[in-house]
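Welcome to a guided tour that you can follow in your own viewer. Please open the structure, get ready to select residues by number, and take the stops one by one.

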Amino acid sequence: MWTILLVEDEAFVREAIRETVDWERHGFCVVGEAGNGKEALAAIMSLKPDVVIADIVMPGMDGIELLKETRKAGIRSRFIMLTAMGHFDYARDALQYGAFNYLLKLSLNDEVLLESLGRIKGSLLEELSMAGEALYPYYHRIWSGIRGTVASADKDQAGTIAAAEKFRSLSLDIVTVLSGATPSAAEQAGIQTEEYQLVQAFYEGGQTTFFCWSFQKTAEYVSWNKSNCSIGLAAGSSLTQLSQDWRSALNQLNGEWYGCKAIPVKERHELPPIAELEAELIRCFEERDELKCAEVTALIWDSMEISAFSHMEVKMFAAHLLHMLVMLAGRKSEDRQEINSVTSHESLLVYVQYAIYELIRQMKEENVSYTDHPEVNRVIQYMLEHYKENIKVADLARLVSINVDYLSTVFGKKTGLTPIAYLQNIRIEQAKRLLLHSKLNVEEIAFQTGFADDAYFIKVFKRMVGQTPSSFRRENNI
């Protein structure tokens, strides 16, 4: 809770203020009282309260001097100054030196006081949120450690340390979610944001972590969330325990990743070590054996599940495999953001198997002379690589620097088809592969193969294949 220090030389006035408000209900607690400015300054230095409610006129050190000395000490406590009817000059001075507000003693009641405290609470929350932004470099360093990668240099080390001081006394609940391609919202994780002073979201590697900061442990929230098996939860953590507890919360997602509450031990059929399976995959890949590659990849996935790899370890290993095979295929390493987007062990296996299949297909098509005409071959190669795009005959003519009509004529003589008909063949063949080897729906396959919409895709597919895409998939037992 936000802390308050009461400063008033008349004890009965302090008591009246103390009894005016149900402090705890509104998120505050009175941590101390002082009867004069000197006592108050010592209490401020020790307690560093969030709010100081102080009389302006006091013997010895008055409220304005107290405010000045507090600011000299670098303490940012919000001051609400209390004044009598005849002390408006003092009140103006107090505002000049940074008091948040001044209130008349004679009209002081819970409504007036709570209105000022409400505005102060908003200011404190905004300040906490701004300080929290400086924690993100710290989160990234911990994340890099969890992933086993090298953390980038922190450009704002001083800011991170300063921000950390504000959070050392706060309780932290860490909530993790397998998000996929887009970050999750706090509501999707069942987080009641009103229970916390600050909720921060951190999205990396296809998962969202929520750092939920509060003044006290939220036992009711923990109990309420135990039934939510789709999240990882480390409740009652702290800044010093963040790394260990974050790792624990992430590991709780492994059950969802493998499709169960607790990872079952599969039937212990003998499997070679993963290193041997990886070597076998490379051999099959070099032999362009698509089916064998798919089988070996599935065995690798079984081995990772039996060995209880975490979902992050599985994703890292998948990225490693594909990077290696892409290099073997003589291609530039591609952005594998798709790996982070998947949310299950099985779907990542399907993605990797299909990526390997595509690499092998492309290698088989390399350096193939489809005709004895180099420009026509170049156009065909371009179609194979860019069939997903909106390709026009004029684009193909510009590619080989010849006239559109001449390209259409020579292309027809060498292939027996117009360029557009040839392109449609490529797209339909790719669509058939997707229907057989993926779980994408018809609309998604239409998009993946370069058709403007699914209705046109179905029309073309039926004309060329003799049945609809759904019938084709159904008859092939997919």
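Between which two helices is the loop that holds S401? Select S401 and you will find the loop between α17 (393-400) and α18 (404-415). Helices here are DSSP runs of H or I with at least four residues, strands are DSSP runs of E with at least two, and both are numbered from the N terminus.

Before you go on, note that this is a predicted model, in which local features need pLDDT of at least 70 and side-chain atom pairs count only at pLDDT 80 or more, while totals for chains, interfaces and linings use all residues. Residues are numbered from 1 along each chain as its sequence is written, and side-chain values use heavy atoms, with hydrogens and water left out.

**Stop 1: two loop residues**

Stay with S401 for a moment. Its phi is near 60 degrees, a positive value in a residue other than glycine. S401 counts as exposed because its relative accessibility is 66%; buried means under 20% relative accessible area, exposed over 50%, and partly exposed in between, with a 1.4 Å probe and protein chains only.

Now select A308, in the loop between α12 and α13. Phi of A308 is also near 60 degrees, again positive in a residue other than glycine. With a relative accessible area of 48%, A308 is partly exposed.

**Stop 2: H311 and T343**

Next, pick H311, which lies in helix α13 (residues 311-328). Is H311 buried or exposed? H311 is buried, with a relative accessible area of 1%. Leaving aside neighbours within four places in sequence, H311 is in contact (heavy atoms within 4.5 Å) with L178, L250, L253, N254 and W257.

Keep W257 on screen and add T343, in the loop between α14 (337-341) and α15. T343 touches W257 along with L178, S179 and G180, not counting residues up to four places away in sequence. Try drawing a distance line from T343 to S179: these residues are 164 apart along the chain, and their C-alpha atoms are separated by 7.1 Å. T343 is partly exposed, at a relative accessible area of 33%.

**Stop 3: the largest cavity**

Time to look for empty space. Rolling a probe the size of a water molecule over the atoms shows where empty space is left. On a 1 Å grid over the protein atoms alone, a cavity is a set of points where a 1.4 Å probe fits but cannot get out; a pocket is an open set with protein on both sides within 12 Å along at least five of seven lines; and lining residues have an atom within 4 Å of a point. Grid points are joined across faces, edges and corners, and a volume is the space filled by probe spheres set on the points.

A search of the whole structure finds one cavity of 30 Å³ or more. The largest cavity holds about 40 Å³ of space. To see its lining, select E290, C293, A294, T297, Q353, I356 and Y357. The elements that give two or more residues to this lining are α12 (290-306) and α15 (345-365), and α12 gives the most, with four.

**Stop 4: the second largest pocket**

How large is the volume of the second largest pocket? The value is about 620 Å³. Of the 22 residues that line this pocket, the closest to its centre are K48, D50, E127, E165 and K166. β1 (2-7), α5 (110-133) and α7 (157-167) each supply at least two lining residues; α5 gives the most, with three.

**Stop 5: the sheet**

Finally, show the strands. An open sheet of five strands runs in the order β2-β1-β3-β4-β5, with parallel pairing; two strands pair if DSSP finds at least two bridges between them. β2 (28-34) and β5 (101-104) stand at the edges with a single partner strand each, so one side of each is left without a neighbour in the sheet. From one strand to the next, the twist averages 20 degrees.

Zoom in on β1 and β2, which pair in the parallel sense over six bridges. Here L6 stands opposite E33 in β2. Then add helix α3 (residues 63-72), which packs on the sheet and touches β1, β3 (51-55) and β4 (78-83). The direction of α3 makes about 170 degrees with that of β4; axes are lines fitted to C-alpha atoms, for helices over the stretch in contact, and angles run from 0 to 180 degrees between N-to-C directions.
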